[in-house]
Amino acid sequence: LGKLESIGGTAIFNNSKVTDLGNLKSIGKDVNFYKSKVTDLGNLESIGGFIDFSNSEVTNLGKLKNIGGSIDFYKSKVTDLGSLQSIVGNAQFKGSQVTNLGNLESIGGYVNFNNSKVTDLGNLKSIGSWASFKESQVSDLGSLEKIGGYALFNSAKLTNLGNLKSIGGRASFAFSQVTSLGKLEAIAGSANFSNSQVTDLGKLKSIGLNADFESSQLTNLGNLESIGGNAYFKNSQVTNLGNLESIGRNANFQKSQVTDLGKLKSIGSDADFEFSQVTNLGNLESIGGDVYFSDSQVTNLGNLKSIGNDADFRDSQVTSLGKLEAIAGSVYFIQSQVTDLGNLKSIGGNAFFGNSQVTNLGDLESIGGNALFGNSQVTNLGDLESIGEDAYFKNSQVTNLGNLESIGRNADFGQNTSLENEWKNRQSAQQTRQQKAQDDFTIQ
């Protein structure tokens, strides 16, 4: 190419006779060496676009420092990246001969090491998008601190994450050799630890989406403070939640080894304690969705104040609702051990007291849906003021309506005529008061 130093656009060397790039220092856009005779990039320092070395004769990148687009080493003869410092786009090492990344410091897009020969990432500090180490030979992440997208470590040879501090997407450690997450502080997406060798979460503080601990080796969540999505502890070895304070969505403790919720304060959606070892909810203050205590070992609700939807106490060991103040959905006390409603003031949906041990409604003021007292032990409705829909007293032990003022729809008293008459008298008195208040307003 003689004295030519720059090409502003695309350069195509396909099937050309060019063997030496001479003084060429820059190519503004894409370059293709497919089946060319060029072996050495010589003085070339920058390429503005995509570069394809697949099926080329290039073995030496020469002085090349920057690639503005993506690069593909698939089936290339390049073994060493030489002076290359940055790749703005993607890097494909799958099926390549490259073993060492040399001076490369950044890859702006994704990078694929699947089935590659790369063993050491050298000076690489950041990857802008996803990185796949699946079935790769990489054993050391070197200086790598950031992966902007997801990271796949499945069946990789890595045993530790080195200086890696953040993963911008999901992270999968299934069937990997990684045992410690080291300096990693954040995983923005989901984290899959099932069937992994990870035993130490290191400095990890947050998982942005789901966390799957099923069939993992982890026993302690260490410094982890938040899980933004679902948390699966089913069939896991986790016994200690460490510093975990919040789970953004569902928490499944079924058949887990967790006995103490530690510092956990909130679960954003459903909580399932069926067949779990948890006995005390400790510092947990709120559950945003449904909660299942049936066939659980939970005996104490701890600091729990609110449940965002249904609560199922059937066949549970809970005897007192403690500090619980509100259940937004329905509640099932059927065949439960609950005898004391504690501080409970409101039930937003239906309340099933049949075949339960509840005798006193305590501070309960409102039931938003149906109330079923048939075959229950409740005798006095106490502070209960309103039932939003139907009330069923047939075959119940209720003898005193307490402060009850309103039933939104029907009331079934069965053969209890005295209770029915009391309710009719209350309705009549209430109508009289309402009429008097209306008359007084008209006079004014």
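Which side chain does glutamate 57 meet in a salt bridge? I kept that question in mind while going through this predicted model, and the points below start with its answer.

1. **The pair at glutamate 57.** The partner is lysine 77: the two side chains meet in a salt bridge with an N to O distance of 2.8 Å. Glutamate 57 sits in the loop between β6 (51-52) and β7 (66-67), while lysine 77 belongs to the loop between β8 (71-72) and β9 (86-87), so the bridge ties together parts that are 20 residues apart in sequence. Glutamate 57 counts as partly exposed at 33% relative accessibility, and lysine 77 counts as partly exposed too, at 42%.

2. **How many bridges there are.** The structure holds 6 salt bridges. The one between glutamate 57 and lysine 77 is a good place to begin, and I take up some others below.

3. **Glutamate 389 and arginine 409.** These two residues form a salt bridge in which the closest N and O atoms are 3.5 Å apart. The pair links distant parts of the chain, 20 residues apart: glutamate 389 is in the loop between β39 and β40 (391-392), and arginine 409 is in the loop between β41 (406-407) and β42 (411-412). As for exposure, glutamate 389 is partly exposed at 30% relative accessibility, whereas arginine 409 is exposed, with a relative accessible area of 51%. Please note that arginine 409 counts as exposed because its 51% lies over the 50% cut-off.

4. **A network around that pair.** Which residues are linked with Glu389 in a network of salt bridges? They are Asp390 and Arg409. When you look at the bridge between glutamate 389 and arginine 409, it is worth displaying Asp390 as well, as a member of this network.

5. **A bridge inside a helix.** Glutamate 422 and arginine 426 meet through their side chains in a salt bridge of 2.9 Å, N to O. Here both partners lie in helix α1 (residues 417-443), where they are 4 residues apart, about one turn of the helix. Glutamate 422 is partly exposed with a relative accessible area of 24%, and arginine 426 is partly exposed with a value of 24%.

6. **A negative patch.** Asp363, Glu365, Asp383, Glu385 and Glu405 form a negative surface patch. One of its members, aspartate 383, lies in the loop between β38 (371-372) and β39 (386-387). Aspartate 383 is partly exposed, its relative accessible area being 32%.

7. **A positive patch.** Which residues form the positive surface patch? Four lysines do: Lys165, Lys183, Lys203 and Lys205. Lysine 183 is found in the loop between β18 (171-172) and β19 (186-187), and its relative accessibility of 38% makes it partly exposed.

8. **Asparagine 15 and serine 16.** These neighbours deserve a look together. Asparagine 15 is in the loop between β2 and β3, and serine 16 has its place in the loop between β2 (11-12) and β3 (26-27). Is serine 16 buried or exposed? At 17% relative accessibility, serine 16 counts as buried, whereas asparagine 15 counts as exposed at 59%. The side chain of serine 16 reaches the backbone nitrogen of valine 18 at 3.4 Å. Asparagine 15 has a phi near 55°, a positive value in a residue other than glycine.

9. **Glutamate 135, another backbone point.** Although it is not a glycine, glutamate 135 has a positive phi of about 55°. Why point this out? Most residues other than glycine have a negative phi. Glutamate 135 lies in the loop between β14 (131-132) and β15 (146-147) and is partly exposed at 41% relative accessibility. I would suggest viewing the backbone here alongside asparagine 15, whose phi is near 55°.

10. **A sense of scale.** How far apart in space are glutamine 397 and valine 118? The C-alpha to C-alpha distance is 76 Å, and the two residues are 279 residues apart in sequence. Glutamine 397 lies in the loop between β40 and β41, where it is partly exposed with a relative accessible area of 45%.

How values were computed:
Residues numbered from 1 in each chain as written. Predicted model: local features only at pLDDT ≥ 70, side-chain atom pairs only at ≥ 80, totals over all residues. Heavy atoms only, no water. Patch = residues over 30% accessible without salt bridge, like charges linked within 9 Å, V, L, I, M, F, W, Y side chains within 5 Å. Areas by Shrake-Rupley, 256 points an atom, 1.4 Å probe, with all protein chains shown as cover. Lys, Arg positive; Asp, Glu negative; His and termini not counted. Charge placed at Lys NZ, Arg CZ, Asp CG, Glu CD. Helix = DSSP H or I, 4+ residues; strand = E, 2+ residues; numbered from the N terminus. Buried < 20%, exposed > 50% of the residue type's maximum accessible area, 1.4 Å probe, protein only. Polar contact = N/O pair within 3.5 Å; in protein donor to acceptor, adjacent residues only side chain to side chain.
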